[in-house]
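User: Could you walk me through this protein step by step? I am new to reading structures, so plain sentences would help.

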Amino acid sequence: NCCSSGDYITYGTNSGATSLIFWGEWEDARTRALYLPSQLLTAGLTSGYITSIQYYVAQKQSSQPYQNFRVGLQNVTQTTLSNMEWVATEEVFTGTVNTIAGQWNEIIFTQPFYWNGTSSLYFEFCFDNQSYTLNDLISYTSPVGGISGRYVEALIYDGLAECNITTSNANSVNYNSGNHNFQPYFRFKQMNTLKVETAINS
């Protein structure tokens with residue numbers, strides 16, 4: 001074996017709960033979140049493969065699963081989502097997600113993602129349901145290290161296919177009267193290994 005499974009690293013502290021990702025009141029939603037390298041390093045992450053994330057469901061109000069749920073990740077140079085285009089991401093999970101209240105819920109990546117330790121970490125979450133119920137509230141944190149910025153954005157709509165939602169065809173969420181200076185309260189799991197490069201044996 002090249003590596004051990006690693007430990008869970010908690011990013012930030014529980015500062016409250018809101019509808020960050022699981023917009024069950026809508027058929028379709030697309031959410032993105034940004035974490036700066038200094039924030040992740042301060043929290044205890046290191047460059048390496050991320051194999052799963054956990055999020056804490058503070059309140060479950062939905063009565064159906066989230067279908068066609070996709071998680072994408074990317075290393076980016078930006079330090080805020082302000083005036084940043086929605087960028088292509090590397091898919092690490094797609095499937096059906098059920099939320100369970102009062103505990104940490106985990107999304108295990110089907111493809112580990114390599115965070116290089118110097119770039120900002122950009123998350124994208126999308127789902128595509130055929131009906132709607134109510135939103136689920138998950139915990140959020142203030143930015144680690146106190147660096148203010150715009151770190152979370154979401155688009156919501158009915159009748160559009162998951163990640164095809166754009167700022168031109170959907171509703172943008174106005175968090176906390178325009179305060180987007182918070183992030184999902186995640187636990188990251190990292191694989192204890194160096195980056196694997198493709199090698200050709202002669």
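**Cores, sheet and strands**

Analyst: This is a predicted model, and a good place to begin is the largest nonpolar core, which has 41 residues. Those with the most contacts inside that core are Tyr 35, Phe 69, Val 71, Leu 121, Phe 123, Phe 186 and Phe 188.

User: What does Phe 186 touch?

Analyst: Leaving out residues up to four places away in sequence, Phe 186 touches Ile 9, Thr 10, Tyr 11, Ile 21, Tyr 35, Ile 53, Gln 54, Tyr 55, Trp 104, Phe 123 and Phe 125. Apart from the largest core lies another core, of 11 residues, and among them are Met 84, Trp 86, Tyr 122 and Ala 170.

User: OK, stepping back, how many helices and strands are in the protein chain?

Analyst: The protein chain has one helix and 13 strands, and from the N terminus on the elements run β-β-β-α-β-β-β-β-β-β-β-β-β-β.

User: And what share of the residues count as buried?

Analyst: Of the 202 residues of the protein chain, 48% count as buried. The accessible surface comes to about 9,400 Å², and 45% of that surface belongs to carbon and sulfur atoms. As for contacts between residues at least 6 apart in sequence, 88% of them join residues at least 24 apart.

User: Which order do the strands take in the open sheet?

Analyst: Six strands form that open sheet, in the order 6-5-8-3-10-11, and the pairing is antiparallel. Its edge strands are strand 6 (90-97) and strand 11 (171-172), each of which pairs on one side only.

User: How many bridges are there between strand 10 and strand 11?

Analyst: Strand 10, which covers residues 152-157, pairs with strand 11 over two bridges in the antiparallel sense, and Ile 156 stands opposite Asn 171 in strand 11.

User: What about strand 8, which strands does it pair with?

Analyst: Strand 3 (residues 28-35) pairs with strand 8 over eight bridges in the antiparallel sense, and Asp 28 stands opposite Asp 128 of strand 8. Strand 5 (residues 66-76) is joined to strand 8 by seven bridges, and these two strands also run antiparallel; here Gln 74 stands opposite Tyr 122 in strand 8.

User: Why is strand 8 described as largely enclosed?

Analyst: Nine of the nine residues of strand 8 (residues 120-128) are buried, so the strand is largely enclosed by the rest of the structure. Ser 120, Tyr 122, Glu 124, Cys 126 and Asp 128 point one way from the strand, while Leu 121, Phe 123, Phe 125 and Phe 127 point the other way, and all are buried.

User: Where is Ser 119, then?

Analyst: Ser 119 is found in the loop between strand 7 (103-115) and strand 8. Ser 119 counts as buried because its relative accessible area is 14%, and the cut-off for buried is under 20%. Not counting residues up to four places away in sequence, Ser 119 touches Pro 37, Asn 75 and Val 76.

User: Last one: is Val 97 buried or exposed?

Analyst: Val 97, which has its place in strand 6, is buried, with a relative accessible area of 5%. Once residues up to four places away in sequence are set aside, Val 97 touches Phe 22, Tyr 55, Pro 65, Tyr 66 and Phe 69.

User: How far apart are the C-alpha atoms of Val 97 and Ile 107?

Analyst: Those two C-alpha atoms are separated by 8.2 Å, and Val 97 and Ile 107 are 10 residues apart along the chain.

Methods:
Residues numbered from 1 in each chain as written. Predicted model: local features only at pLDDT ≥ 70, side-chain atom pairs only at ≥ 80, totals over all residues. Heavy atoms only, no water. Helix = DSSP H or I, 4+ residues; strand = E, 2+ residues; numbered from the N terminus. Buried < 20%, exposed > 50% of the residue type's maximum accessible area, 1.4 Å probe, protein only. Contact = heavy atoms within 4.5 Å. Areas by Shrake-Rupley, 256 points an atom, 1.4 Å probe, with all protein chains shown as cover. Core = buried A, V, L, I, M, F, W, Y, C linked by side-chain atoms within 4.5 Å. Pairing = 2+ DSSP bridges.
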